[in-house]
Amino acid sequence: MYRLWSRSSLMALVFIALGSVALVVSFLFVSHQNTAQASPATTVTLAPVGDVRAGEPIRLRLVVTGARNLAGFQAAVAFDSPQARVLDAAAVEGLRGSGRGMLRFGPVLRENAVIFGAATCPVEDCSTAQYRSATRKPLGVNGRVELGEVVLDIAVPGRYNVRIDDVKLVDPQGNVLPAASTNLMLDVR
């Protein structure tokens, strides 16, 4: 009988086929990983609220987008100009969106900066006497969340760089969540 393929030729063909399948699977796996990494990232930004005029209180809202299971934050809002000063800063109710109670801290004023934040507890009211028997809310908030507000006084019109420094976001277990922050170039009229 005439043999079309030798045993070594068949083995080589099997190894080539398996190698090709492995290459395709690894390509699909890497493509899937890159697609997952390309999903929207968690970012923290500042946005002016209303008119931005010299000599009037200027309100800036601290906002996170792309949040996943967010339960607390801390941030410093800083500026380089001696023309600007902080009038007030506080966390707003955004973290309460999942039904968890919220505890605010700060503001702590520094030269040309303010530090503030908030944390949540797994029940609706963190200070209740029935804390042990209250219904637990195990998850934080997702999506776009308003975190806080900073009120500045700037006496002189111009462009001012306002930075978000040392921002930390945490989940309900206290694990730090990765996030990027974007500075704000504030045009004051």
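Is Thr 42 buried or exposed? Thr 42 is buried, with a relative accessible area of 12%. That residue gets a view of its own below, and keep in mind throughout that this is a predicted model.

**View 1. Thr 42 sits in the loop between H1 and strand S1 (43-49).** The side chain of Thr 42 reaches over to the backbone oxygen of Gly 66, at 2.8 Å. Setting aside residues up to four places away in sequence, Thr 42 touches a run of residues, Val 64, Thr 65, Gly 66, Ala 67 and Arg 68. Leu 169, Pro 178, Ala 179 and Ala 180 complete that list of contacts for Thr 42. With 12% relative accessible area, under the 20% cut-off, Thr 42 therefore counts as buried.

**View 2. Glu 149, in strand S7 (residues 141-154), meets two arginines.** Zoom in on the side chain of Glu 149 and you'll find a polar contact with the side chain of Arg 61 at 2.7 Å. A second polar contact, this one at 3.0 Å, goes to the side chain of Arg 59. Glu 149 is buried too, at 16% relative accessibility. Beyond its neighbours within four places in sequence, Glu 149 is in contact with Leu 60 as well as with Arg 59 and Arg 61. The other residues it contacts are Asp 88, Ala 89, Ala 90, Val 92 and Phe 116. Phe 116 turns up again in the next view.

**View 3. Phe 73 and Phe 116 make up the one aromatic pair.** The rings of Phe 73 and Phe 116 meet edge-to-face, with 5.8 Å from centre to centre and 85° between the planes. Phe 73 belongs to strand S3 (residues 72-79) and Phe 116 to strand S6 (residues 113-121), so the pair ties together parts that are 43 residues apart in sequence. Both partners are tucked away: Phe 73 is buried at 4% relative accessible area, and Phe 116 is buried at 0%.

**View 4. Asn 142 is an exposed residue in strand S7.** Its relative accessibility comes to 53%. The side chain of Asn 142 reaches the backbone nitrogen of Asn 69 at 2.6 Å. Along the chain, Asn 142 and Asn 69 are 73 residues apart, yet their C-alpha atoms are separated by 5.6 Å. Not counting residues up to four places away in sequence, Asn 142 touches Ala 67, Arg 68 and Asn 69.

**View 5. Strand S11 (residues 184-188) shows alternating side chains.** Leu 184, Leu 186 and Val 188 point to one face and are buried. Met 185 and Asp 187 point to the other face and are not buried. Strand S8 (residues 158-170) runs antiparallel to S11, and five bridges join the two. Look for Gly 158 if you want one of those bridges: its partner in S11 is Val 188.

**View 6. Helix H1 (residues 7-37) has the lowest mean pLDDT among the elements of the chain, at 40.** At the other end of the scale, strand S2 (residues 57-70) has the highest mean, 97. Over residues 10-39 pLDDT stays under 50, and the model has two contacts beyond four places in sequence for that stretch. Where pLDDT is low, the predicted coordinates should not be read in detail. As for the chain as a whole, pLDDT averages 82, and 77% of the residues score at least 70.

Technical notes:
Residues are numbered from 1 along each chain as its sequence is written. This is a predicted model: local features need pLDDT of at least 70, side-chain atom pairs count only at pLDDT 80 or more; totals for chains, interfaces and linings use all residues. Side-chain values use heavy atoms; hydrogens and water are left out. Rings of Phe, Tyr and Trp (its six-membered ring) pair if their centres lie within 6.5 Å; planes under 30 degrees apart count as stacked, over 60 as edge-to-face and the rest as tilted. Helices (H or I, at least four residues) and strands (E, at least two) are DSSP runs, numbered from the N terminus. Buried means under 20% relative accessible area, exposed over 50%, partly exposed in between (1.4 Å probe, protein chains only). pLDDT is the predictor's confidence in each residue, from 0 to 100. Contact means heavy atoms within 4.5 Å. A polar contact is a pair of N or O atoms within 3.5 Å; within protein, one must be able to donate a hydrogen and the other to accept it, and residues adjacent in sequence count only if both atoms are side-chain atoms. Two strands pair if DSSP finds at least two bridges between them.
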